[in-house]
Every structure is written in C-alpha cells, then in structure tokens.
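Hi,

Here is the structure I promised to pass on. Have a look at it first, and then read my notes below.

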Amino acid sequence: MHFWSQASVSSMLLTAANLHRLQAEGLTIVDLLVSSVLNNVAVEWPRFVVGGVSDVDEARTVYLIPSDMQLTLFEREVSKETLHARLRSSISTMLGNVRGVFDVIFIDCPPGLSI
C-alpha cells in the first residue's frame, strides 16, 4: 500500500486513464483522508484499494491506494485546521486494520518537513 503526494507511483503502476477514473470517482488516499479527517466520517478503506497493478510476473499481488496531486492541498487544510491528531489517529487505525491483510506495507512519502 502506498501514499504519495505527487502520485508518481500511481502514475507508474496504473494507466493514465485508470488513474484519472479512480481520481474522478473519489477513490484515492486523498478522498479517504478527507472523509476520515476533515469530515470525521468513517470510511471502509478496502474500497480504495486497487489490486493487480504490477505488470511484473513475480509481483502480481501488489496493491495500492492511488494518490492524487491534491494530497498537498489536503495537507494544507489539516495544518490550517490543526487536525494533526485526527490525521495520526486515522492513519494509525487504517494501518492497524491493513496489517492483518497485507504482509508488507510501504508508505511512499516524498522527502520534506510535511506532516
């Protein structure tokens, strides 16, 4: 599972059309976090997971939650509204749930001093 603000891994693993469709349908990490953090609405994380994204034969079981360039804007909203604790709690809860499903979880974040 990957999180990234530039959506570069999503762009690499998904076709442009598929990524745009998922973004338009509100099925990205941004949409998940906006619901759970900004709107304080419980969401089911599995509906955001996309499977079979790798075209490498030995890595067909790679899953990800696609990202969107809007993650940077979400981060600004969280900083403005001082919702850091809710963000940490939301991510912690989700990671607690996914640990029982996936053997390895990658959180792909760009270098920087962001939250």
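Let me start with a small one: is Arg21 buried, partly exposed or exposed? Arg21 comes out as partly exposed, because its relative accessibility is 39%. I start there since Arg21 is one half of a salt bridge with Glu25, where the closest N and O atoms are 3.1 Å apart. Glu25 is partly exposed as well, with a relative accessible area of 45%. The count of salt bridges comes to one, so that pair is quickly dealt with.

Before the rest, please keep in mind that this is a predicted model.

**The overall picture**

The chain has five helices and zero strands, and along the sequence the pattern reads α-α-α-α-α. There are 115 residues, and 35% of them are buried. If you take the contacts with a separation of 6 or more, 72% of them are between residues 24 or more positions apart. The accessible surface is about 7,000 Å², and carbon and sulfur atoms hold 54% of that.

**Thr28**

Thr28 sits in the loop between helix H2 (16–24) and helix H3 (29–38). Despite that loop position, Thr28 counts as buried, because its relative accessibility is 0%. Its side chain makes a polar contact of 2.8 Å with the side chain of Asp31. What else does Thr28 contact, leaving aside its neighbours within four places in sequence? The list is Leu22, Gln23, Phe48, Ile65, Pro66, Ser67 and Asp68.

**Helix H4**

H4 covers residues 71–80, and its buried residues are Leu71, Phe74 and Val78. Viewed down the axis of H4, these buried residues fall within an arc of 55 degrees, so they line one face of the helix. The background is familiar: an α-helix has 3.6 residues a turn, so residues three or four places apart point the same way. The face of H4 turned away from the buried side carries the exposed residues Arg76 and Lys80. As for the cover over the buried residues of H4, it includes H3 and helix H5 (84–98). After H4 comes Thr82, with a positive phi near 50 degrees.

**Another positive phi**

Asn40 is not a glycine, yet it has a positive phi of about 55 degrees. For context, most residues other than glycine have a negative phi. Asn40 is in the loop between H3 and H4, and it counts as exposed because its relative accessible area is 53%.

**The aromatic rings**

The count of aromatic pairs comes to two. In one of them, the rings of Trp45 and Phe102 have their centres 6.3 Å apart and their planes at 55 degrees, so the pair is tilted. Trp45 is in the loop between H3 and H4 and Phe102 is in the segment after H5, so this pair ties together parts that are 57 residues apart in sequence. Trp45 and Phe102 are both buried. Together with Tyr63 they form one aromatic cluster.

**Two residues in H5**

Which residues does Ser90 contact, setting aside its neighbours within four places in sequence? They are Leu33, Ser36 and Val37. With Ser36 there is also a polar contact, side chain to side chain, at 2.7 Å. Ser90 is in helix H5 and is buried, with a relative accessible area of 15%.

Leu95 is found in helix H5 too, and it is buried at a relative accessible area of 14%. Leaving aside neighbours within four places in sequence, Leu95 is in contact with Ile105 and Ile107. Ile105 is 10 residues from Leu95 along the chain, and their C-alpha atoms are separated by 8.5 Å.

If you want somewhere to begin in the viewer, I'd pick Thr28, the buried loop residue, and then go on to the tilted pair of Trp45 and Phe102.

Cheers

Notes
Residues numbered from 1 in each chain as written. Predicted model: local features only at pLDDT ≥ 70, side-chain atom pairs only at ≥ 80, totals over all residues. Heavy atoms only, no water. Helix = DSSP H or I, 4+ residues; strand = E, 2+ residues; numbered from the N terminus. Buried < 20%, exposed > 50% of the residue type's maximum accessible area, 1.4 Å probe, protein only. Polar contact = N/O pair within 3.5 Å; in protein donor to acceptor, adjacent residues only side chain to side chain. Contact = heavy atoms within 4.5 Å. Arc of directions from axis to C-beta. Areas by Shrake-Rupley, 256 points an atom, 1.4 Å probe, with all protein chains shown as cover. Salt bridge = Lys/Arg side-chain N within 4 Å of Asp/Glu carboxyl O. Phe/Tyr/Trp six-rings, centres within 6.5 Å; stacked < 30°, edge-to-face > 60°.
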